[in-house]
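Colleague: Got a minute to walk me through this one? I'd like the reasoning as well as the answers.

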Amino acid sequence: MALSGDRITFWFGCNMLRHAEMIRLCVMLLERVGHDVSAAGGPAYCCGTTLDHQPQAASNVAARTIGRFNEAARKDERETVVTWCPSCHMHMTDIMGPGNVAAFEISHITELLAKRRDRLAGLLAHPVNRKVLLHRHSGFATHVAVNARVVELLSLVPGLTLIEGPAEPGHMCSALSASPGVLASAIEETFVAASTSEADTICTIFHSCHREFVSLDGRDGVQVRNWVQLLAEAMGIAAADAYRDWRKGGAPDVAAIERADPSRYQTLIEPELRRSAVLSSTGSKAPQTVGE
Amino acid sequence: MVDRLGLRGSDPQAATVGLRNLARGMAGPSDTIAWVSGCAKSGLCVDACPERDKGLDAMLLVRLAKQRAINDTRQVAVKHDPTYFPRLKTFARMQLSEEELTDWL
């Protein structure tokens, strides 16, 4: 898809709100390669993909989101909407766009960064001495060659050895939770591939995969990192990952819980943070969160 | 996924006829329901579809058929988590600054 303009809207979706540091890293990466970035996401920018059971509501939220992006294009000259989430991207391309008048182009963040790979390469001055297995899915290739783009980006990182892992079904891990055992098998297969290839790091591409894998960070001596965290590392930026720390047993600081409201934290957040990792045979198969 | 969904050995003609019927709002056979229910958006059906050159996007057809199966024929159960957005908003409040909350959401 044609890329245009330096002024962009970065549409990070809904579930990235679990991973605030990763949103900030995305914004930083896009800015460092020359884009003027306005970030947008959360329920107010819902694509409607989780509302298949309420078609009219899905249509309404899609129209509202398109309207906001149209306004950003018209008033703020942000004529490119840059996606992170493959569900949002596919939903925009297949459902939202054709059903509404869109005054913007859509592109994926990996496409934009790859387009400016020369600028990005100049920023990656710090060797990242890791042997990295890339956790991939076969889906989303219908819309964006995301696996190839991430390989292209990580190949710019000095010191990093990259191995392409097995291509798991679906467009990301959340898509596998509808079929019992499939997600657990995908995770297990990825860890086996990491062990076989003597990788010390598994690299996730999408948030839903990251959400599942981080609870197993450190298993068999293998760390879990997202591709934006590895790029940041190559820029000399230590990428924090609060969600990973929380899933591994760490507690959020009291101020964060107070900001969120302790009762909401206890009912909405704590059960997710304390659920068992998804394992194929040795661990529990806890229910997955609904959503992308 | 074919094995996981118990569709190995299924009649592809019957399953795809069922898919077309389901997309029109008519009840689909069990194999078609298993297919659309378990669809993980791998996109493999797009290249496999013999009608692709005529402009048919099989993955989109599966998506539309699933929506029909949820809302019209009621053959696929609704998956709805009422805590979905409240949970995400709470994660946001835990991690985002006031400025980010205002500017991004």
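Modeller: Sure, here are a few questions and answers on strands, a helix and the chain contacts.

This is a predicted model, where local features need pLDDT of at least 70, side-chain atom pairs count only at pLDDT 80 or more, and totals for chains, interfaces and linings use all residues. Residues are numbered from 1 along each chain as its sequence is written, with chains lettered from A and ligands numbered from 1 in the order in which they are written.

Colleague: Which residue is the bridge partner of Thr80(A) in β4(A)?

Modeller: Strands here are DSSP runs of E, at least two residues, and helices are runs of H or I, at least four, numbered from the N terminus. β3 (residues 80–83) and β4 (residues 105–108) of chain A pair in the parallel sense over four bridges; pairing takes at least two DSSP bridges. The partner of Thr80(A) is Glu105(A).

Colleague: What distance separates the end C-alpha atoms of helix α7 of chain A?

Modeller: Helix α7(A) has 15 residues, 182–196. The expected span is 1.5 Å times one less than the number of residues, so it should come to 21 Å. The model agrees, with the ends 21 Å apart.

Colleague: How many residues of chain B are in contact with chain A?

Modeller: Contact means C-beta atoms, placed from the backbone, within 7 Å. On that basis, 40 residues of chain A touch chain B, and the number on the chain B side is 37.

Notes:
Two residues are in contact if their C-beta atoms, placed from the backbone, lie within 7 Å.
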